[in-house]
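Work through the exercises below with the model open beside you. Try each task before you read its solution.

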Amino acid sequence: MKALEQVDWVSIIMNISMILLKLIAIFVIYFIIRAIGNKMIKRAYSAFSEKHDVSLSRAQTLQSLTLNIFAYLLIFILVVMILDLFHYNPTALLAGAGVVGLAIGFGAQGLVSDIVTGFFILLEKQFDVGEYITVAGFDGIVEQIGLRTTQLRSFDGTLHFIPNRSILNVSNHSRGTMQALVDIELSPDENVDQMITTLQAACDEVRESMPQIIEGPQVVGVEAFGSSSLVLRIIAKTETMEQWRVERILRKKMKEALDLDKEQKEPGS
């Protein structure tokens, strides 16, 4: 009891109260700075994307990266301030962080390479979410671009996670107009000029019904011929990702036109 009576409870309570007040002040300042910083970063990227014509997905990815870096930096500063409040020398923490960072640098060179490559992919606008590309031996639609991996959905539904460091060459099939190409195989006994006229009339009908076609379709002529068949080629320029639908409709229309022409040539028709 005498030991408890000798304790300066007033001083202890005052010290604890001061520490609590300082902790509350530190956290209040932390949340205020975080809110203001996040708002400024979002405004900056919004203005940047409008001024430099950056796509929404790329701007959001860069914005997310910056927000994460800002959040980690604030958390680190918060931890250092709390340690300093309890009279713990933060220099030891900084030295430890440096050693850990050096170890990570040697052990995670692939990760660093992924992040650096991903950052340059975003800056150089090599491809964007929703575009059709061929990369690292895979082709498909880009679903997500990250700083470590790129997610690519093949047309069979398979989702590929490709490390960014594996992206050495990119073929982007979604930039500019696409080409729809259809080859029609006919009998070598057919009158070529008449077939071209018939098929071109069908092409003109398709063009009238499909605003996705930018140029053509045009029957360019005989692509190949032999003793058993000849091939007429049809080419059209279309909007991005519309080439396959245009090709399917062209084949259907060409089949209908050839069937009608065959009926008209039959005796008694």
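The exercises go from the whole chain to single strands, one residue and a pocket.

This is a predicted model, in which local features need pLDDT of at least 70 and side-chain atom pairs count only at pLDDT 80 or more, while totals for chains, interfaces and linings use all residues. Residues are numbered from 1 along each chain as its sequence is written, and side-chain values use heavy atoms, with hydrogens and water left out.

**Exercise 1. The whole chain**

Find how many helices and strands the chain has, and what share of its residues is buried.

Solution.
- Step 1: Count the elements. There are seven helices and eight strands. Helices (H or I, at least four residues) and strands (E, at least two) are DSSP runs, numbered from the N terminus.
- Step 2: Look at burial. Of the 269 residues, 31% count as buried. Buried means under 20% relative accessible area, exposed over 50%, and partly exposed in between (1.4 Å probe, protein chains only).
- Step 3: Check the contacts (heavy atoms within 4.5 Å). Take those between residues at least 6 apart in sequence: 61% join residues at least 24 apart.

**Exercise 2. Two hairpins**

Describe how β3 pairs with β2 and with β4.

Solution.
- Step 1: Recall the rule. Two strands pair if DSSP finds at least two bridges between them.
- Step 2: Start with β2 (residues 138-145). Four bridges join β2 to β3, and the two run antiparallel. Isoleucine 141 has arginine 153 in β3 as its bridge partner. Three residues lie between β2 and β3 in this hairpin.
- Step 3: Move on to β4 (residues 159-163). β3 and β4 are antiparallel too, over five bridges. Threonine 150 has isoleucine 162 in β4 as its bridge partner. This hairpin has five residues between its strands, and glycine 157 in the turn has a positive phi of about 100°.
- Step 4: Add the burial. β3 (residues 149-153) is mostly covered, with four of its five residues buried.

**Exercise 3. A sheet and its helices**

Give the strand order of the open sheet of three strands, then find the helices α6 and α7 that pack on it.

Solution.
- Step 1: Read the order. It is β6-β8-β7, with antiparallel pairing. The edge strands β6 (178-186) and β7 (213-225) each pair on one side only.
- Step 2: Note the twist. Neighbouring strands are turned by 20° against each other on average, direction ignored.
- Step 3: Follow one pair. Eight bridges join β7 to β8 (residues 230-238). Glutamine 218 has isoleucine 235 in β8 as its bridge partner.
- Step 4: Add the helices. α6 (residues 192-209) touches β6, β7 and β8, and its direction makes about 160° with that of β7. α7 (residues 243-265) touches β6, β7 and β8, and its direction makes about 25° with that of β6. Axes are lines fitted to C-alpha atoms, for helices over the stretch in contact, and angles run from 0 to 180 degrees between N-to-C directions.

**Exercise 4. One residue**

Is tyrosine 30 buried or exposed?

Solution.
- Step 1: Locate tyrosine 30. It is in helix α2 (residues 9-52).
- Step 2: Apply the cut-off. Tyrosine 30 counts as buried because its relative accessible area is 11%.
- Step 3: List the contacts. Neighbours within four places aside, tyrosine 30 touches Leu74, Ile75 and Leu78. The C-alpha atoms of tyrosine 30 and isoleucine 75 are separated by 8.5 Å, although the two are 45 residues apart along the chain.
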